[in-house]
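Here is a walk through the ligand site, a few strands and some unusual backbone spots. Keep the structure open while you read.

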Amino acid sequence: LDNGLALKPTMGWLHWERFMCNIDCDTDPNNCISERLYMQMADVMVKEGWKEAGYEYVCIDDCWPSHQRDAQGRLQADPKRFPGGIKKLADYIHSKGLKLGIYADVGDKTCAGYPGSLGYYEKDAQTFADWDVDLLKFDGCFMNRALLGEGYTNMSKALNNTGRPILYSCEWPLYEWPLKQPNYTAIRDTCNHWRNFDDVFDSWSSVKSILDWTAAHQDIIVPAAGPGGWNDPDMLVIGNFGLSHDQQESQMALWAIMASPLLMSNDLRDICPRSKELLQNKRIIDISQDSMGKQGYRTAKGNDFEVWERPLSKKRLAVAVLNKLEIGGPRGFDIGAAPGWKICGPQCNVTQILPQYKEMGVQTQQSKIIVSVNPSGTALLTVTPISSDFTRLHK
Ligand SMILES: OC[C@@H]1[C@H](O)[C@H](O)[C@@H](O)CN1C(=S)Nc1ccc(F)cc1
């Protein structure tokens, strides 16, 4: 969507996978969906280097509203859980130099049964603009599938008509695939990023299913990605409970290769240091945020390895090698066998980023570079060609 936003994949935090629809603030005040949760996350994001690393949007998901619209027909936050209201929360988030995201639904109700926006697109868009909201995640539940496109495009226009730049995150293709293959040109024209596939869960099988779906549909979805519009494979679940450290490295590496939004869903108030270091790894974030904005894709698969590659600016290439075998120990893979290796001519610089940082120095087309990859883990590297005139001029 050409609204000047999401020129790089959106980075931030989104409550859903970790906090879901926990509205019991009486017995669980620290984890319920309340203004306090987002204010505390914002505080931590500033204090603990998340903002500095690039994480900017603090996003509310489902279950924030009251079940009734107000007398003017406007959505309103649950008064007990958001006593200050959304505008005041946005002011607080902005005072921290961060941006606020909110959630609504194209149909009659949200997926959790709160008021939907069908019939209220203009009013809800104006309400969010009046509250100084910076992002809208627009879900697709309780909607006639044949009318999804109309709904998503009408809300896109409504947001634009408010005059406030609001990043528009859609679930249009996810809900349309069961009906027909979505038109990704229309989707890119309408949204800043779009969910294509099932909700992520805190498990390796969930992350694998998202990668398998993405690879199976890459010819259709990858060309649609670029500055202003991205494929959204859903939240980062790094820092929670279900992924081993190797699997966390796999999600971080492959979400960067896929040019995916980096929206964490975890508890930043209580996260293990290794996960924090991984999520704040500058070299991986640089791949994700690369200025050329071209999505990577799976280039090889075999012997229970997968190679995913992403073209980067300045003729560089990011290469990720995923070991899909979940038995045995670390296995060696020759990066020289990666399809993209042909860019290493006559020479190239190779830097390994995961599982640990290692400068591998100058290599040639014929180099044999064996990287060790743990079961369900990923090795992530960048390859930088050294052109011959460079070498001649810099002898
Ligand atoms: O209610 C909101 C929740 C999150 O926003 C997800 O990111 C959205 O994809 C939708 N969503 C949920 S749980 N959707 C949903 C998931 C499973 C299901 F059987 C019915 C609805």
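Two strands count as paired if DSSP finds at least two bridges between them. Keep in mind that this is a predicted model. With that cut-off, β1 and strand β2 (residues 57-59) are a pair, because 3 bridges join them. They run parallel, and Gly12 in β1 has Tyr57 as its bridge partner in β2.

β1 (residues 11-14) also has a partner in strand β8 (residues 262-264), again parallel and with 3 bridges. Here Trp13 is bridged to Met264. In a regular strand the side chains alternate between the two faces of the sheet. In β1, Met11 and Trp13 point one way while Gly12 and Leu14 point the other way, and all of them are buried. Take Met11: its relative accessible area is 4%, and buried means under 20%, so Met11 qualifies. Its C-alpha atom is 11 Å from that of Ala256, although the two are 245 residues apart along the chain.

Now move to β5 (residues 167-170). Which residues cover its two faces? Leu167 and Ser169 sit on one side, Tyr168 and Cys170 on the other, and all four are buried. β5 pairs in the parallel sense with strand β4 (residues 135-139) over 4 bridges, and Lys137 stands opposite Ser169. To get from β4 to β5 the chain passes through helix α6 (residues 148-161), making a right-handed β-α-β crossover. β5 also pairs with strand β6 (residues 193-195), parallel once more, over 2 bridges. In that pairing, Cys170 has Trp194 as its bridge partner.

On to the ligand. The residues around it are Trp16, Asp61, Asp62, Tyr103, Cys111, Ala112, Lys137, Asp139, Glu171, Tyr175, Arg195 and Asp199. By class, this shell holds 5 nonpolar and 7 charged residues, with no polar ones. Lys137, met above opposite Ser169, is one of the residues around the ligand. Three side chains have an N or O atom paired with a ligand oxygen, as listed here:

| Side chain | Distance from its N or O atom to a ligand oxygen |
|---|---|
| Asp61 | 2.6 Å |
| Glu171 | 2.9 Å |
| Arg195 | 3.2 Å |

On its own, the ligand has 470 Å² of accessible area, and the protein covers 66% of that.

Finally, some backbone oddities. Most residues other than glycine have a negative phi, and most peptide bonds are trans. Where does the model depart from this? Met20, in the loop between α1 (16-19) and α2 (35-47), has a positive phi near 45°. Phe142 has one of about 50° and lies in the loop between β4 and α6. Are these two buried or partly exposed? Met20 is partly exposed at 46% relative accessible area, and Phe142 is partly exposed at 42%.

As for peptide bonds, Gly345 and Pro346 are joined in cis, with omega about -10°. Pro346 is in the loop between β12 (331-334) and β13 (347-354). Leu354 and Pro355 are also joined by a cis peptide bond, with omega about 5°, and Pro355 is in the loop between β13 and β14 (358-364).

Definitions and conventions:
Residues are numbered from 1 along each chain as its sequence is written. This is a predicted model: local features need pLDDT of at least 70, side-chain atom pairs count only at pLDDT 80 or more; totals for chains, interfaces and linings use all residues. Side-chain values use heavy atoms; hydrogens and water are left out. A residue is near a molecule or strand if one of its heavy atoms lies within 4 Å of it. A polar contact is a pair of N or O atoms within 3.5 Å; within protein, one must be able to donate a hydrogen and the other to accept it, and residues adjacent in sequence count only if both atoms are side-chain atoms. Accessible areas come from the Shrake-Rupley method with a 1.4 Å probe; for residues, only the protein chains shown count as cover. Ala, Val, Leu, Ile, Met, Phe, Trp, Tyr, Cys and Pro count as nonpolar, Asp, Glu, Lys and Arg as charged, and the others, Gly among them, as polar. Buried means under 20% relative accessible area, exposed over 50%, partly exposed in between (1.4 Å probe, protein chains only). A crossover is right-handed if, with the strands pointing away from the viewer, the path from the first strand over the helix to the second runs clockwise.
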